[in-house]
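Here are a few short exercises to work through with the model open in your viewer. Try each task before reading its solution.

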Amino acid sequence: MSGCTPSRAPNTIIDKIYAESVVRECGFVMSAPHCHNYFELFYVDEGACSFFIENNMYDLHAGDFMLIPPQVFHYTRYMLGSCRRSNIFFRLEDVPEDIRALLPHAEQFFEEMRILQVPEAYREQIAALIARMIKEEKINDERSTLMMNILLQEMMVLCSRECSLLDGMPSEIHTTDRPVVQAAQFIKNRYMDDISAADIAAAAGYSPNYLSRKFREAAGIGLHEYLTFIRLQRAALELIETDDTVTQIALRCGFSDANYFKDAFKKKYGVTPRAYRK
């Protein structure tokens with residue numbers, strides 16, 4: 001691993017907490033959507049941005065935190081002006097059980113994507129904590145790992161006390177990019193079937209060309225690539241949770257060719273399905 005922040009490769013494992021803060025100008029485009037094996041806290045310091053995540057779209061504004069669990073596909077757009085955002089990357093074991101118990105839904109808090117809103121009166125305190133974490137990374141001495149853990153715990157306690165959890169994702173945070181959301185939800189519900197781009201477009205009520213363009217703009221990936229991603233994600237889960245053969249799982253997850261499934265799986269996860277199961 002090089003630099004201060006972890007690689008975005010899906011099979012990367014981190015061994016400590018990382019933090020970063022950058023400014024994205026309006027129109028900045030991510031090179032590709034991604035997921036990773038660790039948690040990410042995404043915080044909007046100033047401005048706003050748009051997220052495609054968990055088959056849905058959300059606008060985040062100053063004072064919004066998003067918790068992104070491991071292996072959750074996400075893509076960010078900066079179409080609403082300049083945005084300063086900070087990221088903290090960590091493992092579940094970096095948050096002690098007594099701290100987790102303070103958060104909304106306790107242990108279940110970390111099981112899915114969450115959005116928290118920081119009251120304006122506490123944003124300066126959050127910004128100061130993030131600044132200290134970034135400074136600690138630069139110091140990077142034998143005390144830095146402990147200091148980063150302490151700062152992350154302080155942030156979690158502060159959020160448990162002062163932040164509002166957006167349960168149900170109310171309309172003010174949810175964007176109205178209807179065709180993209182409808183297409184993603186259709187893929188989520190029908191990934192196991194033999195569906196085409198035309199089927200997805202018909203379900204969303206738009207032409208294939210229009211939907212393909214809108215989907216790539218919002219998600220950073222084509223419809224077919226996203227369908228394959230969802231199928232592989234489900235297959236990875238079944239490899240762990242069931243004793244079924246690789247071929248059975250491939251067919252159940254929508255792959256008609258077991259060899260294509262094995263090649264696609266290795267490309268995404270870096271190992272064969274059999275090795276992943278072990």
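## Exercise 1: The buried side of a helix

Task: in this predicted model, find which residues of α7 are buried.

Solution. The buried residues of α7 are L223, Y226, L227, T228, F229, I230, R231, L232, A235, A236, E238 and L239. The charged residues R231 and E238 are thus on the list too. For background, an α-helix has 3.6 residues a turn, so residues three or four places apart point the same way.

## Exercise 2: Checking the helix length

Task: compare the expected span of α7 with the distance between its end C-alpha atoms.

Solution. Begin with the 19 residues of α7 and a rise of 1.5 Å a residue, which give an expected span of 27 Å. The end C-alpha atoms of α7 are 27 Å apart, so the two values agree.

## Exercise 3: Two helices in contact

Task: describe how α6 and α7 pack, and which residues meet.

Solution. First, the geometry: α6 covers residues 208-219 and α7 covers residues 223-241. Their axes lie 9 Å apart, at an angle of about 60 degrees. Angles of 65 to 115 degrees count as roughly perpendicular and those under 35 as roughly parallel, so α6 is oblique to α7.

Next, the contact: on the α6 side are L211, S212, F215 and R216, and they meet L223, E225 and Y226 of α7. Sorted by class, this contact has four nonpolar, one polar and two charged residues.

## Exercise 4: Classifying ring pairs

Task: classify the pairs F52 with Y226 and Y206 with Y210.

Solution. The model has 22 aromatic pairs. For F52 and Y226, the ring centres are 5.5 Å apart and the planes are at 70 degrees. Planes over 60 degrees apart count as edge-to-face, so this pair is edge-to-face. F52 sits in strand β3 (residues 48-53) and Y226 in helix α7, so the pair links parts of the chain 174 residues apart. Both F52 and Y226 are buried.

For Y206 and Y210, the centres are 5.4 Å apart and the planes are at 25 degrees, so this pair is stacked. Y206 is partly exposed at 26% relative accessibility, and Y210 is partly exposed at 29%.

## Exercise 5: Positive phi

Task: where do E54 and H105 lie, and what are their phi values?

Solution. E54, with phi near 50 degrees, is in the loop between β3 and β4. H105, with phi near 70 degrees, is in the loop between α1 and β8. Neither residue is a glycine. E54 is partly exposed at 38%, as is H105 at 40%.

Definitions and conventions: Residues are numbered from 1 along each chain as its sequence is written. This is a predicted model: local features need pLDDT of at least 70, side-chain atom pairs count only at pLDDT 80 or more; totals for chains, interfaces and linings use all residues. Side-chain values use heavy atoms; hydrogens and water are left out. Axes are lines fitted to C-alpha atoms, for helices over the stretch in contact, and angles run from 0 to 180 degrees between N-to-C directions. Helices (H or I, at least four residues) and strands (E, at least two) are DSSP runs, numbered from the N terminus. Angles under 35 degrees count as roughly parallel, over 145 as roughly antiparallel, 65 to 115 as roughly perpendicular and the rest as oblique. Contact means heavy atoms within 4.5 Å. The expected span of a helix is 1.5 Å times one less than its number of residues. Buried means under 20% relative accessible area, exposed over 50%, partly exposed in between (1.4 Å probe, protein chains only). Rings of Phe, Tyr and Trp (its six-membered ring) pair if their centres lie within 6.5 Å; planes under 30 degrees apart count as stacked, over 60 as edge-to-face and the rest as tilted.
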